[in-house]
Amino acid sequence: MALGDGDDGAAAAAVPLISDRPKHAAIVRSAGTEWTAAAHVITAVIGSGVLSLAWSVAQLGWLAGPGMMLVFAAVTALQSALFADCYRSPDPEVGPHRNRTYANAVERNLGSSSAWVCLLLQQTALFGYGIAYTITASISCRAILRSNCYHTHGHDAPCKYGGSYYMLMFGAAQLFLSFIPDFHDMAWLSVLAAVMSFSYSFIGLGLGLANTIANGTIKGSITGAPTRTPVQKVWHVSQAIGDIAFAYPYSLILLEIQDTLKAPPAENKTMKKASIISIVVTTFFYLCCGCFGYAAFGSDAPGNLLTGFGFYEPYWLIDFANACIILHLLGGYQVYSQPIYQFADRFFAERYPASRFVNDFHTVKLPLLPPCRVNLLRVCFRTVYVASTTAVALAFPYFNEVLALLGALNFWPLAIYFPVEMYFIQRHVPRWSPRWVVLQSFSVLCLLVSAFALVGSIQGLISQKLG
C-alpha cells in the first residue's frame with residue numbers, strides 16, 4: 001500500500017529530502033520532559049475542535065457520539081505510539097539517525113516519493129489549521145461583543161458584528177509571535193495556551209452541567225438530532241465524524257515536539273508517556289464538553305459551544321471564556337506553524353548557503369524591549385504565510401465545515417497510513433503475518449471513515465458558500 005517506492009530507504013537516508021539537522025544545531029539544547037511535551041500536545045489538540053463537539057454528539061446521538069470520541073481516542077493513542085518509535089532509526093531507542101520532522105521519518109523508511117507526498121499533505125494540513133484558528137479567534141472576538149450587547153439590550157436584540165476586522169487583528173498578533181525562532185523557545189507560550197484551554201473547557205463543561213441541572217432533564221436521544229430528509233442526516237453525521245477527527249490527532253507535529261525532549265530516557269519512551277497524559281486529559285474534556293453540551297441543548301446544540309449563544313448568562317463568564325479561547329489560539333496557531341517555518345528555514349539555507357538574505361541575522365533594538373536578532377528571510381516568509389492564512393479565512397469563514405474538511409482530509413494519510421507503514425519497516429513486520437493483517441485492516445477501515453467524512457464536509461462547505 002506504499003505511496004512511494006519503499007525500497008529506496010537507504011538512498012533516501014544518504015540524500016535526505018530535508019536535512020535532519022537543525023539549522024543552528026550547535027546552540028540548540030533539548031531539555032523537554034513528558035510534561036512540556038504534554039503541554040505542547042494539549043495546546044495543539046484542545047483547540048477549536050472542542051467547541052464543535054456538542055454539535056457533533058447532537059448529530060450522532062447518545063450512543064454513537066461518546067462512542068465515536070472513545071474510538072478516536074484509542075486510534076490516536078495507537079498511532080502516536082507507532083509514530084513515536086520513528087524518531088530514531090533504525091532502532092527506535094538508540095538509533096543514530098534522528099528524524100526531526102515527519103518528512104524525514106517518511107523518507108528514511110518509505111522513500112523519497114512517499115516523502116514528497118507526505119510533505120505536501122503535511123504542509124497543506126498545517127496551513128489549514130492556521131486558517132481554522134483564525135476563523136475561530138474572529139468568532140470568539142465577536143462573541144464577546146455580542147454577549148455584552150445581549151446583556152445590555154436583551155436576548156432578542158440584533159447584535160451582529162462582522163468578522164473581517166478581527167481576523168486581521170488576529171493575523172497581526174500572529175505576525176508578531178511568528179518571530180519566535182522555534183519550538184525550543186516557545187515552551188512558555190504552550191504552557192500559557194494549555195492553561196487557557198483548560199480554563200475555557202472547564203467553563204464550557206460547567207455551563208453545560210448547570211443548564212442540564214436547571215432544565216431538570218437530560219435532553220437528546222439515541223439517534224441524535226432529526227433532519228428533514230435522510231440524506232441531510234447522512235451529511236450531518238459525516239460532518240460530525242469529520243469534526244471529531246479534527247479534534248484528536250497531532251501526528252503533524254509529534255516528531256517536532258519529540259525533538260525537544262532530553263535523553264535519557266529514550267525520547268520515544270518519554271513521548272509515549274506524554275501522549276497518554278495528553279489523550280487522557282483531552283478525552284475527559286471532550287466527553288464532558290460534548291455530552292454536557294448535548295444534555296443541555298439536545299438537538300439545538302450550537303455549532304460552537306461558547307459562541308453559538310446557547311448560553312447568555314453570566315455574560316462576564318462567557319466573555320472570559322472567549323478571551324481564554326483567543327489566548328489559546330494565539331499559542332495553538334504557533335504550534336502548528338512552527339514546522340512550516342522550520343521547513344522554510346532549512347530548505348532555503350540548504351539551497352542558498354551563500355545568500356546573506358537567507359543566512360545573515362541583524363540585531364534590532366526596539367524601545368522597552370530587549371535586543372532581538374532578525375533574519376530577512378524569516379521576516380518575508382512568515383509575513384507572507386500569516387497574510388495568506390488570514391486571506392483564506394476571510395474567504396471561507398465557516399467554522400464547522402472547515403474543521404470537518406480538515407479533519408477528514410488529513411486523518412487517514414497523516415495520522416494512520418504513514419505511521420502504520422513506517423511501523424512495518426522499522427519492526428520488519430512480514431506481509432500477511434497476523435500483525436500485518438490486523439494493522440492493514442485497521443488502516444483500510446480508517447480510510448473508509450475518512451472518505452465518508454470528507455464527502456460530507458465538502459458538501460457542507462459548498463452549501464454554505466453557495467447559500
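Tutor: Before we talk about loops, one definition: a helix here is a DSSP run of H or I with at least four residues, and helices are numbered from the N terminus. Bear in mind too that this is a predicted model.

Student: Where is W432, then?

Tutor: W432 is in the loop between α14 and α15. H428 is in that loop as well, with α14 covering 399-427 and α15 covering 434-466.

Student: Why is W432 called exposed?

Tutor: Exposed means over 50% relative accessible area. W432 comes out at 65%, so it counts as exposed. H428 has a value of 69%, so the label is exposed there too.

Student: What makes the phi of H428 worth a remark?

Tutor: Most residues other than glycine have a negative phi. H428 is not a glycine, yet its phi is positive, about 55°. W432 is not a glycine either, and its phi is about 65°.

Student: Let's go to the helices. How many are there in the protein chain?

Tutor: The chain has 15 helices, along with 4 strands. Take α11, residues 315-351: its 37 residues reach 54 Å from first C-alpha to last.

Student: How do you know what span to expect for α11?

Tutor: You take 1.5 Å times one less than the number of residues. For α11 that gives an expected 54 Å, and the computed reach is close to it.

Student: Where is the kink in α11?

Tutor: At S337, shortly before the proline P339, and the kink is about 40°. That angle is taken between axes fitted to the seven residues ending at the position and the seven starting there.

Student: What makes you call α11 mostly covered?

Tutor: Of its 37 residues, 27 are buried. Across the protein chain, buried residues make up 55% of the 467.

Student: On to the rings. Why is the pair F202 and F285 called edge-to-face?

Tutor: Two numbers matter: the distance of the centres and the angle of the planes. Rings pair if their centres lie within 6.5 Å, and planes over 60 degrees apart count as edge-to-face. F202 and F285 have centres 5.0 Å apart and planes at 85°, so the pair passes on distance and earns the edge-to-face name. The two sit 83 residues apart, F202 in α7 (187-215) and F285 in α10 (267-297).

Student: Is F285 buried or exposed?

Tutor: Buried means under 20%, and F285 is at 3%, so it is buried. F202 has 48%, which lies between the 20% and 50% limits, so F202 is partly exposed.

Student: How do you know that Y333 and Y385 form a pair?

Tutor: The limit for the centres is 6.5 Å, and theirs are 6.4 Å apart. With 65° between the planes, this pair is edge-to-face. Y333 lies in α11 and Y385 in α13 (residues 376-395), so the pair ties together parts 52 residues apart in sequence. Both Y333 and Y385 are buried. A search of the whole structure finds 18 aromatic pairs, and one aromatic cluster consists of F83, Y102, W412, Y417 and F418.

Student: Which residues does Q174 touch?

Tutor: Leaving aside residues up to four places away in sequence, Q174 touches L329, L330, Y333, Q334 and V386. Q174 lies in α6, residues 164-177, and its relative accessibility is 0%, so it is buried.

Student: What makes the approach of Q174 to L330 a polar contact?

Tutor: The cut-off is 3.5 Å between N or O atoms. A polar atom of the Q174 side chain lies 3.2 Å from the backbone oxygen of L330, which is inside that limit.

Student: And why does S178 count as buried?

Tutor: The limit is under 20%, and S178 is at 0%, so it counts as buried. S178 is in the loop between α6 and α7. A polar atom of its side chain lies 2.7 Å from the backbone oxygen of L175. With residues up to four places away left out, S178 touches Q334, Y341 and R382.

Student: Why is R142 called partly exposed?

Tutor: R142 has 21%, and partly exposed starts where buried, under 20%, stops, so that is its label. R142 is in α5 (112-153), and its C-alpha is 6.9 Å from that of G163, although the two are 21 residues apart in sequence. G163 is also one of the residues that R142 touches.

Notes: Residues are numbered from 1 along each chain as its sequence is written. This is a predicted model: local features need pLDDT of at least 70, side-chain atom pairs count only at pLDDT 80 or more; totals for chains, interfaces and linings use all residues. Side-chain values use heavy atoms; hydrogens and water are left out. Buried means under 20% relative accessible area, exposed over 50%, partly exposed in between (1.4 Å probe, protein chains only). Rings of Phe, Tyr and Trp (its six-membered ring) pair if their centres lie within 6.5 Å; planes under 30 degrees apart count as stacked, over 60 as edge-to-face and the rest as tilted. A polar contact is a pair of N or O atoms within 3.5 Å; within protein, one must be able to donate a hydrogen and the other to accept it, and residues adjacent in sequence count only if both atoms are side-chain atoms. Contact means heavy atoms within 4.5 Å.
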